[in-house]
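Here is a short report on a protein chain. Have the sequence and the 3D view open as you read.

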Amino acid sequence: MFEFTWWWAFALLPLPWLVFKLAKPIPRPAAIHLPRLPEGLGEKQGSSRIKHVLMALCWLGLVTALARPMWYGEPVQIQPEHRDMMLAVDLSGSMEIEDMVTASGSTTDRLTAVKSVLSDFIQKRSGDRLGLVLFADHGYLQTPLTLDRNTVAQQLDRAVLGLIGKSTAIGEGLGVATKTFIDSKAPQRVIILLSDGANTAGVIEPLEAAQLAKDNDVTIYTIGVGAEQMRQRSLFGSRMVNPSQDLDEKTMTQIAKMTGGEYFRARDPKELETIYQIIDQLEPISSAQQTWRPRDELFSFPLAFALVLSVVIVVVRRRHG
């Protein structure tokens, strides 16, 4: 949409005419008195009219530039505040256990189930800055905090088991995630930790990392992934086993409690999906929005037009006197 910011500037358009009509002319004594008009006087009168037209157009260009013409683009909705949320995902060897029973009755491995549900959760976090940390033998920042949800989802989808080892460095994963919040000014800083085991690697203990998060006003929600019962076949038949016996629920609960979060247990993809719905309610997306419209300043065009005409006026005056 086109409009003038200072439209009242057009009130200055008649100013030169008012000065010409109201100001008293300065009398000039004639140097020579001629008995008749010189030849070519009509041409000078014509050139005088041209100069007046050029000066009028030049003044119009200057006033138009002063009025600040603007072109406004389509309105853009922005949120004045955002939430920073880091996703810390376990890539240890045990995440390949196929004990997650889907709604159709088939089983899938833990990492695939986490990817499926977590990708949908990411797409729903409009307005939040998201980041991704992967941990196994060590913790690594896979995706820094960003508003680009598609990038985070793509990086999660590309994560593969064995990429960074087989162990479980929960403490390092939390430490790396917390470190990304040091320069953050977001009013809410959240870490969602997904793991299926106990801390077996890394240079920092999980509770030490949780204390660091607490000192930086970071809330941690922990999710223990894995079924509690699984039928295992062997040479002597089949038996029921607990594939999540290595899950350190006590530490996961302490981490969440220390930072004001909660611990959840996900035994199958359906429970995992429900957990994310609960976290959505605990950490709601801000609905406050502001409208911003991109704008382009156009004053340079009438200003350039006026400057070009001023050069033409100078040339005309020198040629015709």
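## A strand pair

In strand 10, tyrosine 221 is the bridge partner of isoleucine 192. Strand 9 (residues 189-195) and strand 10 (residues 219-225) run parallel, paired over six bridges. Keep in mind that this is a predicted model.

## The open sheet

Strands 9 and 10 belong to an open sheet of six strands with mixed pairing. The order is 8-7-4-9-10-13. Strand 8 (139-146) and strand 13 (263-266) are the edges; each has a single partner strand, so one side of each lacks a neighbour in the sheet. On average, neighbouring strands of this sheet are turned by 15 degrees against each other, direction ignored. Strands of a sheet pair through backbone hydrogen bonds, either parallel or antiparallel.

Helix 7 (residues 249-259) lies across strand 9, strand 10 and strand 13. Helix 7 runs at about 160 degrees to strand 10.

## A nonpolar surface patch

Turn to the surface. Trp6, Trp7, Trp8, Leu12, Leu15, Val19 and Leu66 form a nonpolar patch there. Together they have about 720 Å² of accessible area.

Leucine 15, one of the patch residues, sits in helix 1 (residues 15-22). Its relative accessibility is 40%, so leucine 15 counts as partly exposed.

## The whole chain

The protein chain has nine helices and 15 strands. It holds 321 residues, and 39% of them count as buried. The chain exposes about 19200 Å², with 57% supplied by carbon and sulfur atoms.

Sequence-distant contacts can be counted too. Among contacts between residues at least 6 apart in sequence, 79% join residues at least 24 apart.

Technical notes
Residues numbered from 1 in each chain as written. Predicted model: local features only at pLDDT ≥ 70, side-chain atom pairs only at ≥ 80, totals over all residues. Heavy atoms only, no water. Patch = residues over 30% accessible without salt bridge, like charges linked within 9 Å, V, L, I, M, F, W, Y side chains within 5 Å. Areas by Shrake-Rupley, 256 points an atom, 1.4 Å probe, with all protein chains shown as cover. Salt bridge = Lys/Arg side-chain N within 4 Å of Asp/Glu carboxyl O. Helix = DSSP H or I, 4+ residues; strand = E, 2+ residues; numbered from the N terminus. Buried < 20%, exposed > 50% of the residue type's maximum accessible area, 1.4 Å probe, protein only. Pairing = 2+ DSSP bridges. Axes fitted to C-alpha atoms, helices over the stretch in contact; angles between N-to-C directions. Contact = heavy atoms within 4.5 Å.
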